[in-house]
Amino acid sequence: MEQEYIILLQKILVVLFSVTLFWKIIKHICGLLVIEKEPVTVLVTGAAGQIGYALLPMIARGVMLGPDQPVIIHMLDIEPAAEALNGVKMELIDAAFPLLKDVVATTDVVEACQGVNIAVMVGGFPRKEGMERKDVMSKNVSIYKAQASALEQHAAPDCKVLVVANPANTNALILKEFAPSIPEKNITCLTRLDHNRALGQISEKLNVHVSDVWNVIIWGNHSSTQYPDINHATVKTTNGEKSVRDAIANDNWLNTEFITTVQQRGATIIKARKLSSALSAASAACDHIRDWVLGTPKGTWVSMGVYSDGSYGIQPGIMYSFPVTCEKGQWSIVNGLKIDELSREKMDATAKELMDEKTLAYSCLIDD
Ligand SMILES: NC(=O)c1ccc[n+]([C@@H]2O[C@H](COP(=O)([O-])OP(=O)(O)OC[C@H]3O[C@@H](n4cnc5c(N)ncnc54)[C@H](O)[C@@H]3O)[C@@H](O)[C@H]2O)c1
């Protein structure tokens, strides 16, 4: 009897061993069959600056394109920043990011743009004390005109472009004008930071988590004339979903202090930090590209600066921030939202500022 038990036990052990071995072999074969995605090449201009320093590790960690998407990073800056740029490259190597397949640090715009799939344009000329608006515009027009040509000639044909550097909307417009073979739908500018700031203000006011608020809108320019609009926004509360206006139940705050807080947030950060927003700008740039490439969640939209097609009566010919949904790498403006009188006024005011900026930028081109 005892002998039979021992034989049975031996048989069970053999079966267990065989199953484990078989499972290990299958897993190994599957592991060999998992095909790694092709790397995506991402260009960051102004990479030695403070947004660059916050943005680059996010890209290399998969925050922008997903945790299974390998990346190659191209970093561009100007000659005086070459040494600092090389320091950033050393740090990226030292961080040993598994997704980071290669890093190029260069001051040569042609090398930087070579084969680029996504271009995040952070480099630009800042306004210095005593400088006229036109002088700053003129510097940035020259930069964006030159970089547009380099992107057009050397980037991948379906390259997606996000302009961050200010004046972001007008820099993006100049880039579009001087890169006519890049589809206009591939050129955008960043207003997602303003969008996120609006979500942040509403969630603070209602004491809810920021992910429980959605569908705010930033209309227009990334400047103090932008219009943060909550008329179509929703919040999830313990009593179900509500419109943000009903949940806050304070039209006076929504129509005045909320709007100016979002419009002036950049200046408030500069006052506090003695430097402009960098980590929130970098995070917003990742949000912008991620949603554009991977899509917006169903039922939600985000704000993106895009070339106006005349939607909501905004004249074509300017880069204007609209509510958009994204699917399969394409954005579309959310149409049919009801616009009240106050919103109309504010949407037109920010459009007018963009028309004035465009006129100024074009006058710089004539002087060029
Ligand atoms: N759209 C937004 O929401 C938003 C938010 C924050 C900041 N910004 C803008 O982003 C830009 C960058 O901000 P930052 O804080 O990183 O500034 P920064 O001064 O720290 O960095 C800018 C970098 O750009 C480089 N640069 C200048 N000219 C260049 C050129 N021709 N080619 C390549 N690089 C060049 C500079 O050498 C510098 O390293 C600024 O224009 C800022 O106003 C936009």
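## Exercises on a two-domain chain and its ligand

In this predicted model, tryptophan 214 stands opposite threonine 234 in β10. That pair is our way into the first exercise.

### Exercise 1: A small open sheet

Work out which strands make up the sheet with β7, β10 and β11, in what order they run, and why one side of β7 and of β11 has no neighbour in the sheet.

**Solution.**

Step 1. Start from the pair above: β7 and strand β10 (residues 234–237) are joined in the antiparallel sense over two bridges.

Step 2. Now add the third strand. The order is β7-β10-β11, the sheet is open, and the pairing is antiparallel.

Step 3. Look at the edges. β7 (213–214) and β11 (240–243) each have a single partner strand, so one side of each is left without a neighbour in the sheet.

### Exercise 2: Following β13 to both of its partners

Find how many bridges link β12 with β13, and how many link β13 with β14. Then say what the turn of the hairpin holds.

**Solution.**

Step 1. Strand β12 (residues 302–307) pairs with strand β13 (residues 319–327) over six bridges, in the antiparallel sense. To find this pairing in the structure, look for serine 303, which stands opposite proline 323 in β13.

Step 2. Move on to the other pairing. β13 and strand β14 (residues 330–333) are also antiparallel, over four bridges. Here threonine 325 faces serine 332 in β14.

Step 3. Inspect the turn. β13 and β14 form a hairpin with two residues between them, and lysine 328 in that turn has a positive phi of about 50°.

### Exercise 3: Two domains and their contact

Describe how the chain is divided, then find which element gives the most to the side of domain 1 that touches domain 2.

**Solution.**

Step 1. Set the scene. The protein chain has 368 residues, of which 41% are buried, and it contains twelve helices and 14 strands.

Step 2. Divide it. Domain 1 covers 40–189 and domain 2 covers 192–358; their C-alpha centres are 24 Å apart.

Step 3. Count the contact: 26 residues come from domain 1 and 26 residues from domain 2.

Step 4. List the elements. On the side of domain 1 that touches domain 2, those giving two or more residues are α2 (50–60), β4 (118–121), β5 (160–163), α6 (168–177) and β6 (187–189). α6 gives the most, with six residues.

Step 5. Sort by class. This side of domain 1 has 17 nonpolar, five polar and four charged residues.

Step 6. Take a second look at α6. Nine of its ten residues are buried, so α6 is largely enclosed by the rest of the structure. Among the buried ones are Asn169, Asn171, Leu173 and Lys176.

Step 7. Compare with the record. An unreviewed UniProt entry annotates residues 41–187 as "domain: Lactate/malate dehydrogenase N-terminal". Over residues 41–187 the chain is 41% helix and 18% strand, with the end C-alpha atoms 17 Å apart.

### Exercise 4: Around the ligand

Where does the ligand lie with respect to domain 1 and domain 2, and what kinds of residue form the shell around it?

**Solution.**

Step 1. Find the shell. It has 28 residues around the ligand, and the closest are Gly46, Gly49, Ile51, Gly123 and Asn166.

Step 2. Place the ligand. Both domain 1 and domain 2 give residues to the shell, so the ligand lies between them.

Step 3. Sort the shell: 16 residues are nonpolar, eleven polar and one charged. The largest share, three residues, comes from α2.

### Exercise 5: Two listed positions

Decide whether glycine 52 and aspartate 77 are buried or exposed.

**Solution.**

Step 1. Consult the record. The unreviewed UniProt entry lists residues under "binding site", including Gly52 and Asp77.

Step 2. Take glycine 52, which lies in helix α2. Buried requires 20 or more other C-beta atoms within 10 Å. Glycine 52 has 25 C-beta neighbours inside 10 Å, so it counts as buried. Among the residues it touches are Val44, Val88 and Val122.

Step 3. Take aspartate 77, in the loop between β2 (71–76) and α3 (82–94). With 24 other C-beta atoms within 10 Å, aspartate 77 is buried. Its contacts include Gly46, Leu85, Thr107 and Gly123.

Methods:
Residues numbered from 1 in each chain as written. Predicted model: local features only at pLDDT ≥ 70, side-chain atom pairs only at ≥ 80, totals over all residues. Domains from an automatic or database assignment. Contact = placed C-beta atoms within 7 Å. Nonpolar A, V, L, I, M, F, W, Y, C, P; charged D, E, K, R; others polar. Near = placed C-beta within 6 Å. UniProt positions renumbered as here; feature names shortened; annotations may be inferred. Buried ≥ 20, exposed ≤ 12 C-beta atoms within 10 Å, placed from the backbone. Pairing = 2+ DSSP bridges. Lists of a residue's contacts leave out its neighbours within four places in sequence.
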